[in-house]
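Grab a pencil and work through these exercises with the structure open beside you. Try each task before you read its solution.

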Amino acid sequence: MMRVNVGSEKVSRSVTADSNNIAIDIAESDEVDDDSQCPNRLMHYMLPRKRAGEVEVVEGESESSINNSTVTPPIKKQHISNTDAATGLTANNKTVTVGDKSSNYSSTSVIEPPVMATGDAIQNDIDEDLHSRQLAVYGRETMRRLFASNILISGMQGLGAEIAKNLILAGVKSVTLHDEGVVEMWDLSSSFVFSENDVGKNRALASVQKLQELNNAVVISTLTSNLTKEQLSDFQAVVFTDISLEKAIKYNDYCHNHQPPISFIKTEVRGLFGTVFCDFGPVFTVFDVDGEEPHTGIIASISNDNPALVSCVDDERLEFEDGDLVVFSEIHGMTELNDGKPRKIKSARPYSFTLEEDTTNFGTYIKGGIVTQVKQPKVLNFKPLKEALKDPGDFLLSDFSKFDRPPLLHIAFQALDRFIRELGRYPIAGSEEDAQKLTSIAANINECLGEGKVENIDLKLLRHFAFGARAVLNPMAAMFGGIVGQEVVKACSGKFHPLFQFFYFDSVESLPTEPLDPSDFKPLNSRYDAQISVFGSKLQKKLEDAKAFIVGSGALGCEFLKNVALMGVSCGNQGKLTITDDDVIEKSNLSRQFLFRDWNIGQAKSTVASSAAASINPQLKIEALQNRVGPETESVFNDNFWENLTVVINALDNVNARLYVDQRCLYFQKPLLESGTLGAKCNTQMVIPHLTENYGASRDPPEKQAPMCTVHSFPHNIDHCLTWARSEFEGLLEKTPAEVNAYLSSPSEYATSMRNAGDAQAKDNLERILECLEREKCETFQDCVTWSRLRFEDYFVNRVKQLTFTFPEDAATSTGAPFWSAPKRFPHPLQFSASDPSHLNFIMAASILRAETFGIPVPDWVKNPKMSAVAVDKVIVPDFQPKEGVKIETDEKATSISTGSTDDAAVINELLFKLERCRSNLPPGFRMKPIQFEKDDDTNYHMDLIAGLANMRARNYSIPEVDKLKAKFIAGRIIPAIATSTAMATGLVCLELYKVLDGAHKMEDYRNTFANLALPLFSMAEPVPPKVIKHQDMSWTVWNRWIMRGNPTLRELIQWLRDKGLNAYSISYGSCLLFNSMFPRHRERLDKKVVDVAREIAKAELPPYRSHLDVVVACEDDDGNDIDIPQVSIYYR
């Protein structure tokens, strides 16, 4: 019996199926490993990390050398690459290719003790600079499993190349490419690894070079002869993209029954149709079904009942569901629940739940407590292909409007296999005879299904299926390459829920709207023949003549460039593709921005990406710019530029830029194809003139910010600690040195501005400058150590003592409630110890960065923990006594912790006097070096300091600490990203691009998509139409812009609107009012040209490339009802 379902269970937890207005939760990394068993961690913490092949032995130094050791510039830690030695070999038709030894991935193996912050696991096997965004999705354990996985990909047409690309970028141990066929011209429209020079060569061999460039750490091999079952035992997962059902069943049976089972995936794309089948063995364990962090809650009360009612603070809504297992910790009073035993919950509500536990005889709840979800592994029992074909079970659905489609496609793909077996070829595009033959086979298969047969076979759909059966289209290959690549990762790691077991998809809506003649499908002996066999030569011409604009050339941009180059977009004589990006390539980009190589680091993204795209298709007409798209570059992207565009494709990473491009497309009525990714999630939105709402019509709710008092004095999670740590880093090392330099550059002007400001902020600035140049001025590295040690005492001892003195543990609020009630956590001061690695690491990182701001050389002895401890022990730490009357902000609505006073002006004058005296004692030309936070350079100590600050503060408040990598994700605001979801998003967008460039599709033909490859879930729906405003016999939407030419006066504009039945009473340009009927003096402007009034009143600076200005007019009808009319463009040239 065939059934259809959507996704796997518990989908509702993390997604909203409305793809038009989707909120995405961040997918966080695995729990990181603990390194408490590594006793030598401290010894090597400050040692420079060397690349493989650059072994350096550091001899131990005596403590006496601390005062006369040589000094060096500020230390940069070196990285280590730890890869296996490998050599090229050829045997049994198997060629093995490994990376060049001169690359970043050396074949020399160097073993060195770990270099990391407190709590890190040994991680030299993972290049965190390269894989940081992927680590944020998978975590270290999953990455390690990937690094040990050997994958076979059979069938190296476009789909095989896409899967291989995604897995090589992910960093599996090895990929073996199998193909017995040769490259044809037909293959060039779907595979980025082939060029015309490869025609006639074996597909697998022709693929190796370009795929190897993606990641030299992955061993890439080829098999070019017949594949035997026994060869499959070398792999953890095998993927077949072009194989008969007979062979697939034979291989699958072997994989299914092998010990241990070999994960088997069969996938293919045929024109606008695609399928995936997964079999990961009789028993497969999923360790993490969704990749989300376990949900938590802060307990407010627990009843002594059966069952017990647990209430949580209303700080954040609970995400628990009925049936979840949870554990409790830190509960005072009802300590029986702190035993770590998982307990089931029910009746889950936003801020409470019922616990399936009798707590009647437990202790009475007093305070505190954290409840944490326990994620349970899930065991799946896969059926082999032979059984699954007969009883497919539930199909994974992607589009509710095609609810009955998967069962029919299940039959269609079997019919195609039988057609090829009987005739020895694919159906010919445009051949009605072949389409009829395939339809007949499908009908016969259907009749044999008995009760499970499809009632109504869609003959038109099967005809489209037959016509395009031989073609592998690039957008389909990109989409399925992302899906299948992710399934391989699941198979190798147990991370995320596998596709279980069949998935079918089609995009027949992408076909041209007008009927095509069989002659339109005939091949032209061009690289686009496969695409022409599906869409016809007329649409191909439209693609080639398109004038496209891709905004951004990062991960999305690289994929889009590859896709449009293979599709032939902007490759004709009339076509042009413009791409712009103001960013440069960094190492962390290389794990997913696949057009970049390590030798491109530091170069402009758009330039490198455009060159790479042109090498994929030399016919591409492309111009690369390095401009940010925004109001400041409207002289570059001027009216003429926008008016000449056919389509705009966004590949951006921030909302503000998206909104700006959206407004431009709205203004010039250009289609905008929008997409975004977040870890394993992706979404696409089609913005089509007059058919759909624009991108800015709906907004996600703003991200919740922790109150300032919580961050500064009452943190209750590690995010609060890291937010505070990042703020302190920037204040100490960037803002204060910058303020010092601003003062020293022009003392008199700076003093005047501070006097004019005369507020608490000005006073704080001057106090920090004076402190930096006088009381805390550093001249030697020992001064920096002293400063760091005293900072430790101030942050983690003195401030806590003051806080607990002001608010003792038994303090009460004005209502009599305990002050230290949830979510507040009562803090405890730390006791500094040089023998505590985390304490010493914090001091050394802070000292090195402090020295950098003062230009002080760093001595070699900082590499030696014992000698560093001696330096720290020299510091005299004064005693601290809490003071009475100290105000500590507790108001959650406060936006500043600075307090002003009536005598700020007098204090500012006194501070300026002291500063002037201090300045006279400085060396001529003295300047500090502000340090800007850079998260992706693991050698600069920035994250060492931030992780140290956050973890020491977490220790104050008994908050679980994090390792440096997790701290980097949170403090660096790293967006989790993987190649698979990016590939899928761009493939989906390019399927919509066919519709846009055809130009005749209706709104119901377009699709917005939300997908989560982790679940997996695919949710496609029609876009939302724009809101329509009606007045008399007119109607308009946000897409309309009224145009008035002839350089009119204000009076003529008002009359022009009056002729439409609209009474204009206010006209404005920008934020300036040009005319309002309430002001009699404004009537004097009525006979002036609108443009002249704008220049005179609004001081409008109209550049020479602009021929019009836009005004906003407020109107009402004859009954006095306000009418919201479109923007009015006044053309004055």
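## Exercise 1: Two residues with positive phi

H690 is partly exposed, with a relative accessible area of 38%. Here, buried means under 20% relative accessible area, exposed means over 50%, and partly exposed is in between (1.4 Å probe, protein chains only).

**Before you start.** This is a predicted model, where local features need pLDDT of at least 70, side-chain atom pairs count only at pLDDT 80 or more, and totals for chains, interfaces and linings use all residues. Residues are numbered from 1 along each chain as its sequence is written, and side-chain values use heavy atoms, with hydrogens and water left out.

**Task.** Find where H690 sits and what its phi is, then do the same for E330.

**Solution.**
1. H690 is in the loop between β26 (681-687) and α16 (708-713). Helices (H or I, at least four residues) and strands (E, at least two) are DSSP runs, numbered from the N terminus.
2. Phi of H690 is near 70°, which is positive in a residue other than glycine.
3. E330 belongs to the loop between β14 (325-329) and β15 (343-346).
4. Phi of E330 is near 65°, again a positive value in a residue other than glycine.
5. With a relative accessible area of 35%, E330 is partly exposed.

## Exercise 2: Confidence and the whole chain

**Task.** Work out what pLDDT the protein averages, and where pLDDT stays under 50.

**Solution.**
1. pLDDT is the predictor's confidence in each residue, from 0 to 100.
2. The average for the protein is 88, and 88% of the residues score at least 70.
3. Residues 1-95 stay under 50, and the model has 270 contacts for them beyond four places in sequence. A contact means heavy atoms within 4.5 Å.
4. Residues 97-124 are below 50 too, with 96 contacts in the model beyond near neighbours in sequence.
5. Now zoom out: the protein has 28 helices and 37 strands, and 57% of its 1133 residues count as buried.
6. Take the contacts between residues at least 6 apart in sequence: 75% of them join residues at least 24 apart.

## Exercise 3: Buried or exposed?

**Task.** Decide whether V137 is buried or exposed, then do the same for T804.

**Solution.**
1. V137 is part of helix α1 (residues 128-147).
2. Its relative accessible area is 0%, so V137 is buried.
3. The C-alpha atoms of V137 and I978 are separated by 7.4 Å, although the two are 841 residues apart along the chain.
4. T804 is in helix α20 (residues 781-806).
5. At a relative accessible area of 19%, T804 is buried.
6. Leaving out residues up to four places away in sequence, T804 touches F826 and P827.

## Exercise 4: Cis peptide bonds

**Task.** Say which residue is joined to P260 by a cis peptide bond, and which one to P307.

**Solution.**
1. For P260, the partner is Q259, with omega about -5°. P260 is in the loop between α4 (245-257) and β9 (263-270).
2. For P307, the partner is N306, with omega about 0°. The loop between β12 (296-302) and β13 (308-312) holds P307.

## Exercise 5: Helix against helix

**Task.** Describe how α6 packs on α8, and how α24 packs on α25.

**Solution.**
1. Two packed helices are described by the angle between their axes and the distance between the axes. Axes are lines fitted to C-alpha atoms, for helices over the stretch in contact, and angles run from 0 to 180 degrees between N-to-C directions.
2. The axes of α6 (residues 405-423) and α8 (residues 459-467) come within 11 Å and cross at roughly 40°. That makes α6 oblique to α8 (under 35 degrees is roughly parallel, over 145 roughly antiparallel, 65 to 115 roughly perpendicular, and the rest oblique).
3. On the α6 side, R405, L408, L409, A412, F413 and L416 meet L461, L462 and F465 in α8.
4. The axes of α24 (residues 942-956) and α25 (residues 964-971) come within 9 Å and cross at roughly 90°, so α24 is roughly perpendicular to α25.
5. M943, D944, I946 and A947 in α24 meet K964, A967, K968 and A971 in α25.
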